[in-house]
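Please explain how the interior of this protein is put together, taking its enclosed spaces, its nonpolar cores, its charged pairs and its cysteines in turn.

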Amino acid sequence: MEVPRVEKILNQILAEADIAINKGDLETYLFNIRLLFKKISCDCFIEGHQETLEKHLKIINSLFFDGNSFEYNLACGFLKLYSDIYEPAPKIVLFRANEDKTSAIYHLKKAIDLKDNDDLCYSLASKAEFKSKSKLNKHSCLEYAHKAVNMNPSANNYFALGQAQGNCNKFNEAIHSFLAAIDLNNNFPHAYRYIYRTYLWTREYERAKEYAQLAISRFNDKWSYYYYSKILIGLQDYKAALKYSKKGLNLFPSERLFNLLIAEILEHMGEIKESIHMYEIVSSSKIEESEYARNQIKRINKIEIARKLQKASDFYDLKDYKKSIEWYEQVISEIEKSHIRKYLSAKVKLKHGEIQIDTIHPIYKRLEELMELASSTKYDPKLSFYTQEYRSVKNIKEYYEDDLIKFGKYKGEILEEIIYKDAEYILWCIINLDHFFLYNKTLIRLFASINENNPLLEEAVLNNLLKSQFYYNRKPDNYWEEHNVDHDGDFNINNTSDFYNDSLDMDQQSPEFWDRV
């Protein structure tokens, strides 16, 4: 039986039912409803007829209202169950809550109480419990379906049993029930759909693919294309998945689920711009899925920014500063605090080149001597500014070459850049600023830019080491966390020379300044 012919039968039976209910003939109406389930699967083909069913429900409530009538409760249960068709769609679809579903269960249970040997009542009750998606209803859902099959092993009843078994995570049993439904009615799209969806759920992709292909060849419906594409994603065959999802969109252009699916596939393929474009099509629509699409765009943008920042960081570590800057500048407005230093450092290194450190430099030997001296010195006031009345240990900050300077004439620049253009300024800071000292490797970088005969060099190195000792040894390791010290804050400059002019370079300072030093 071909699908067009099935739809023709559906329309004929519904037309007969419509005539009967308009005449007030409830018995003939129910006869035609039973015929729907006997000849075809009502679940599969009644989509698009909700308006007719709602009209029938109004007539029945108007003409035949009788809470103790089996026929009335069966008709109401059927109409309230199917007046809002349930689609086995992806999780992203937000189904509207429908009180009629609960009401359907009430009427069908009432009908069973009035007549307990009608398989259609049990089958519909099982489906109503299934659609409620309540964990509390799983047992009764399965019980009703078993009773329906025992009374009448029809395709419709086996399908209801398969739904109930799947709802209880009895997936192998569910597959057998759906296959039994197909054996009895080969034109049963929902049965095929639940088979390949069950295999997809259990990640048996090849079996799922087999039945989805059969469904496409027999029914050519939107869900077969949709889930076949999802199965291909599971198999990581993204090219084929894209082909079938695009075909589905061409056949069903109003179905935005295909736009979402294509966006997902394009993201898997690394086509980020195209993926976002597809999500934007949905996000601009006034449909339930638009919020999901907007959240996906945010998620992808966040991942993409992180990916580009990581690329930039990797190239920096490889000393390919040109590429590092290129990647950073793709997300310049999103650069995080942890990355801004590397970005600025990459620009400095690309401009000036790497600082070449001469390990034979005499200061290295002197540094070793000074380190040994500093480790044995108890902060002798003659060697440094540090006394027991030192103003506040919390203000000391260890500076790295990629740190931003937040004071003085070079405010807003990174230390590395200042070392290139005014290394003696850094020496002055070490000597005169209570809060300022360099990380050892940064200090070594500084040596490479200073004349070894500079009179300030030894004092700066000693002061740096003493501050380092004071910084790390005077407080327990967890002091800084416990006191919420922000080492990136602004600092007051206490011990600046009265003769130092911050707007001048070191070689332009006055004779009085150098006399004081």
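A cavity, as the word is used here, is a set of grid points where a 1.4 Å probe fits but cannot get out, and the residues that line it have an atom within 4 Å of such a point. The model to which this is applied is a predicted one, and a search of the whole structure finds 2 cavities of 30 Å³ or more. The second largest cavity, with a volume of about 30 Å³, is lined by Lys-222, Trp-223, Tyr-226, Glu-255, Leu-257 and Phe-258. Two helices, α13 and α15 (256–268), each supply at least two residues of this lining, and the largest share, 3 residues, comes from α13.

One of these lining residues, Tyr-226, leads on to the nonpolar interior, since the name appears again among the residues with the most contacts inside the largest nonpolar core. In soluble globular proteins, nonpolar side chains tend to be buried together. Here the largest such core has 56 residues, and those with the most contacts inside it are Phe-159, Ile-195, Tyr-196, Tyr-226 and Tyr-279. When residues up to four places away in sequence are left aside, Phe-159 touches Phe-178, Ala-181, Phe-188, Ala-191 and Tyr-194, and also Asp-43, Lys-127 and His-190. Separate from this core is a second one of 43 residues, which includes Phe-37, Ile-40, Leu-53 and Cys-121.

Charged side chains form another part of the picture. Side chains of opposite charge can pair when their charged atoms come close, and with a limit of 4 Å between a side-chain nitrogen of Lys or Arg and a carboxyl oxygen of Asp or Glu, the count comes to 14 salt bridges. One of them joins the side chains of Arg-193 and Asp-221 at 3.4 Å, N to O. This pair links distant parts of the chain, for Arg-193 belongs to helix α11 (residues 189–201) while Asp-221, 28 residues apart from it, sits in the loop between α12 (205–219) and α13 (222–234). Both Arg-193 and Asp-221 are buried.

Another salt bridge, between Glu-304 and Arg-307 at 2.5 Å, N to O, lies within a single element: both residues are in helix α17 (residues 289–317), 3 residues apart, or about one turn of the helix. Glu-304 counts as buried because its relative accessibility is 13%, where buried means under 20%, whereas Arg-307, at 37%, counts as partly exposed.

A further pair is formed by the side chains of Asp-422 and Lys-409, which meet at 3.7 Å, N to O. Asp-422 lies in helix α21 (residues 415–432) and Lys-409 in the loop between β1 (397–399) and α21, so this salt bridge ties together parts that are 13 residues apart in sequence. With a relative accessible area of 6%, Asp-422 is buried, while Lys-409, at 25%, is partly exposed.

The cysteines remain to be considered. The structure holds 0 disulfides. Cys-168 is in no disulfide because the nearest cysteine sulfur, that of Cys-141, is 6.6 Å away, and a disulfide needs two such sulfur atoms within 2.5 Å. Cys-168 is partly exposed, with a relative accessible area of 23%, whereas Cys-429 counts as buried, at 1% relative accessibility.

Definitions and conventions: Residues are numbered from 1 along each chain as its sequence is written. This is a predicted model: local features need pLDDT of at least 70, side-chain atom pairs count only at pLDDT 80 or more; totals for chains, interfaces and linings use all residues. Side-chain values use heavy atoms; hydrogens and water are left out. Buried means under 20% relative accessible area, exposed over 50%, partly exposed in between (1.4 Å probe, protein chains only). A nonpolar core is a set of buried Ala, Val, Leu, Ile, Met, Phe, Trp, Tyr and Cys residues joined through side-chain atoms within 4.5 Å. Contact means heavy atoms within 4.5 Å. Helices (H or I, at least four residues) and strands (E, at least two) are DSSP runs, numbered from the N terminus. On a 1 Å grid over the protein atoms alone, a cavity is a set of points where a 1.4 Å probe fits but cannot get out, and a pocket is an open set with protein on both sides within 12 Å along at least five of seven lines; lining residues have an atom within 4 Å of a point. Grid points are joined across faces, edges and corners, and a volume is the space filled by probe spheres set on the points.
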